[in-house]
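Here are some notes for a colleague who will be working with these coordinates, arranged as numbered points. Please read them with the structure open alongside.

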Amino acid sequence: MQGRSEPDAVTDPRPTMRDGISSHVAQLECDIANGPIVPAVTPEEIRSHLASRYRFDAPADLDDVCADIERMLRTWQVQVTHPRYFGLFNPSVTPASVVADTLVAMYNPQLATWRTSPAANEIERHTLRWLAGKFGLPDDAIASFTSGGAEANFSAVIVALTRAFPEYGDAGLQRVVSAPAIYLTAEAHHSFNKIAHMTGLGRRALRIVATDGHLKMDLDDLARQVAEDRRGGFAPFMVIGTAGTTGAGVIDPLTDLARFCRSQNLWLHVDAAWGGAAILSPRLRAHLAGIEAADSITCDAHKWFSVPMGAGMFFCRHADVVTEAFRATTSYMPGRTDAVLDPYTSSVQWSRRFIGLKLFCSLAHHGESGYVDMIEHQARMGDVLRAALTRAGWRIVNTTPLPVVCFTREGLVTSTFLKDLYGGQIAWMSEVRLNGEAPVLRACITSFRTTPADIERVVREMSPLAAGE
Ligand SMILES: Cc1ncc(COP(=O)(O)O)c(C=O)c1O
């Protein structure tokens, strides 16, 4: 029937995307789990392969090209979806999210405006509203998908500047009379250094607040620095609290921070890029208490929500300031649509991929309970890792309910240890310096496929390396 606006009923006899992609993903995961984790390859090796095989001077068979690309990806990268990848916050990905990302590539919706992609815009809005509700944000909060956490943090600083300094948008920072200052700990994400640079604030606008013995922001030092800056003629305007620091998974005291920021008229941004997913878990969510009072929040779907990169999210309770910060009018974009918001006038990006479908599809497929199981499983594996390391004589140096474990032992040279660990294809983990001290090892459970057996194996095989055997 022509002109009908309902989607067709699902009676299509064609093979489903899901069948093809899910079985491919399942096979891939199996191959990866049984293969190497860390590549041993030089730039020359890759460059000479590309130079000899891809001169682009004649068409090539697509199956051959894909097979070659998969070979390269399987052998020439750190396998972040490997169950023994205990690394940075790069997850194993759900097949539902891979199907979704493929559909996005096929239909290629343009998310700059609502009118060009009504379905995609509403799917994103629906997903973001659901998650905003989980964070305890009000119904009129605004949110958008971003390329990742760095862009979400960038959005937060631009919006906070716009509210604190109305002259910033048109006249620029040079017209702001007092120099603005942002407060964060040394454990906060390093994207804020670049953001201070890019916004024109300058890197020296960042004030490093001291931490307590557990690497959480020290509120006394925060209050002292804010007062001192005000006396010195600076303009404090923003505090960054982190919910799950990159190095050690530490959660700043969000409730106290929110109270302090409210009393001082400071914008509180909570960077929950990784840890934000814990809001779904009945076991973990109490550790994020206070996040509901934030002015803005960063949370990445491409971290603990286990969907492919890049999928960040920016949430803000002040919709009016967001639309002021990102306002734009053109003669060539489809005209404004009443009652809906065009993403290009309320976020950093202009043309934008349908980022949110992978989270929507994965949530729809697994349901909230499936996500709770995935997240709590990984938190439990963090506990299993801590216990196994302690039994094997390692010293745990961080405190967090989240599955990031930092550890060391007497006389350990982390760089040598990691070289041997990678060489033996035992696991991938990294080193980190906490509080400016000597490097320690950092292992994060970031795959929903990691089992106690994986952990026991890694800890068992690490011991001789640490002893220099
Ligand atoms: C706490 C935190 N914030 C922000 C980011 C930046 O996120 P992205 O890499 O998605 O830009 C990270 C990355 O690991 C992070 O750990």
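1. The model is a predicted one, and I begin with a loop. Gly310 sits in the loop that runs between β6 (296-300) and β7 (312-316), and the peptide bond leading into this residue from Met309 is cis, with omega near -10°. Most residues other than glycine have a negative phi, and most peptide bonds are trans. The bond from Met309 to Gly310 is therefore an exception to what holds for most peptide bonds.

2. Two backbone phi values also deserve a look. In the loop between β3 (206-209) and α9, Leu215 has a phi near 70°, which is a positive value in a residue other than glycine. Leu215 counts as buried because 25 other C-beta atoms lie within 10 Å, where the cut-off for that class is 20 or more. Gln425, placed in the loop between α13 (414-423) and β10 (430-432), likewise has a positive phi, in this case near 55°. Its surroundings are described by 16 C-beta neighbours inside 10 Å, so Gln425 counts as partly exposed.

3. Which residues come nearest to the ligand? Of the 14 residues around the ligand, they are Gly148, Gly149, Ala150, His189 and Ala273. Helix α6 (residues 149-164) supplies the largest share of this shell, namely three residues. Sorted by class, the shell holds eight polar, four nonpolar and two charged residues.

4. His189, one of the residues that come nearest to the ligand, also serves as a reference for the position of Cys444. The two are 255 residues apart in sequence, while their C-alpha atoms are 16 Å apart in space. Cys444 belongs to strand β11 (residues 440-444), and it counts as buried because it has 29 C-beta neighbours inside 10 Å. Once its neighbours within four places in sequence are left aside, Cys444 is in contact with Phe86, Gly87, Leu88 and Phe89, and with Pro403 and Val404 as well.

5. Helix α9 (residues 219-231) and helix α10 (residues 254-264) form a pair whose axes come within 11 Å and cross at roughly 15°. Because of that angle, α9 is roughly parallel to α10, the class that takes in angles under 35 degrees. The crossing of α9 past α10 is right-handed. On the α9 side the contact involves Leu219, Leu222, Ala223 and Val226, which meet Asp256, Phe260 and Gln264 in α10. By class, five of the residues in this contact are nonpolar, one is polar and one is charged.

6. A second helix pair is formed by α13 and helix α14 (residues 452-466), which pack at an angle of about 135° with their axes 10 Å apart. With that angle α13 is oblique to α14, and it passes α14 in a right-handed crossing. Here Phe417, Asp420 and Leu421 in α13 meet Met462, Leu465 and Ala466 in α14. The contact of α13 with α14 comprises five nonpolar residues and one charged residue, with no polar residues.

7. Is Glu376, in helix α12 (residues 357-391), buried, exposed or partly exposed? Glu376 counts as partly exposed, because 16 C-beta neighbours are found inside 10 Å, and that class lies between the limit of 12 or fewer for exposed and 20 or more for buried. Not counting residues up to four places away in sequence, Glu376 touches Ser281 and Arg283. Leu284 is 92 residues from Glu376 in sequence, yet the C-alpha atoms of the two are 8.0 Å apart in space.

8. The last point concerns Gln110, which is placed in the loop between α4 (95-107) and α5 (118-135). Gln110 is partly exposed, since 17 other C-beta atoms lie within 10 Å. It touches Thr116, Ser117 and Ser351 when residues up to four places away in sequence are not counted. The C-alpha atoms of Gln110 and Cys30 are separated by 35 Å, and these two residues are 80 residues apart along the chain.

Note on methods. Residues numbered from 1 in each chain as written. Predicted model: local features only at pLDDT ≥ 70, side-chain atom pairs only at ≥ 80, totals over all residues. Near = placed C-beta within 6 Å. Helix = DSSP H or I, 4+ residues; strand = E, 2+ residues; numbered from the N terminus. Nonpolar A, V, L, I, M, F, W, Y, C, P; charged D, E, K, R; others polar. Axes fitted to C-alpha atoms, helices over the stretch in contact; angles between N-to-C directions. Parallel < 35°, antiparallel > 145°, perpendicular 65-115°, else oblique. Left-handed = near helix turned anticlockwise from the far one by under 90°. Contact = placed C-beta atoms within 7 Å.
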